[in-house]
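User: I'd like to go through the strand pairing in this one and see how the labels are earned. Can you take me through it?

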Amino acid sequence: RCHLLGADASDWEDMACFHDIAPRILVADCGDNNVRRTSFNLYLFDEPDPNEFTDVSDYQTIRVSYSDGPQNCEAIAVDMTRRQIIMVAATASGDAAYARN
């Protein structure tokens, strides 16, 4: 477990672990069941020791907004081959919509 010091989240939804230069974690505060949020935050940081409870203060905040308006993002993934963040949103019909950033 870890605590992101100073991170102000509304709706934590998902996280992705990947390896860049070192093991990294991307955590998404992207949930929006009412489809009203104009933006949300992703938090990127080095993976802490999984055997300890860690306070994390050294992280990058990535502010995200969609060009076509609010979405209910339910999941994220990192494609290291393309160096892209993939966001999966639920639609009103229950289908999934994919966006690459």
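**Strands, pairs and a buried residue**

Analyst: Let's start with β4 (residues 40-46): 5 bridges join this strand to β6, and the two run antiparallel. A word on the source: this is a predicted model, where local features need pLDDT of at least 70, side-chain atom pairs count only at pLDDT 80 or more, and totals for chains, interfaces and linings use all residues. Residues are numbered from 1 along each chain as its sequence is written, and side-chain values use heavy atoms, with hydrogens and water left out.

User: What makes β4 and β6 a pair?

Analyst: Two strands pair if DSSP finds at least two bridges between them. Here there are 5 bridges, so β4 and β6 count as a pair. One of the contacts puts L44 with Q60 as its bridge partner in β6. Strands themselves are DSSP runs (E, at least two residues), numbered from the N terminus.

User: Why are β2 and β6 left with one side without a neighbour in the sheet?

Analyst: The open sheet has 4 strands in the order β2-β3-β4-β6, with antiparallel pairing. β2 (14-19) and β6 (60-64) stand at its edges, each with a single partner strand, so one side of each has no neighbour in the sheet.

User: And why is I86 called buried?

Analyst: Buried means under 20% relative accessible area, exposed over 50%, partly exposed in between (1.4 Å probe, protein chains only). I86 has 17%, so it's buried. I86 sits in strand β8 (residues 84-90), and its C-alpha is 5.5 Å from that of I76, 10 residues apart in sequence.
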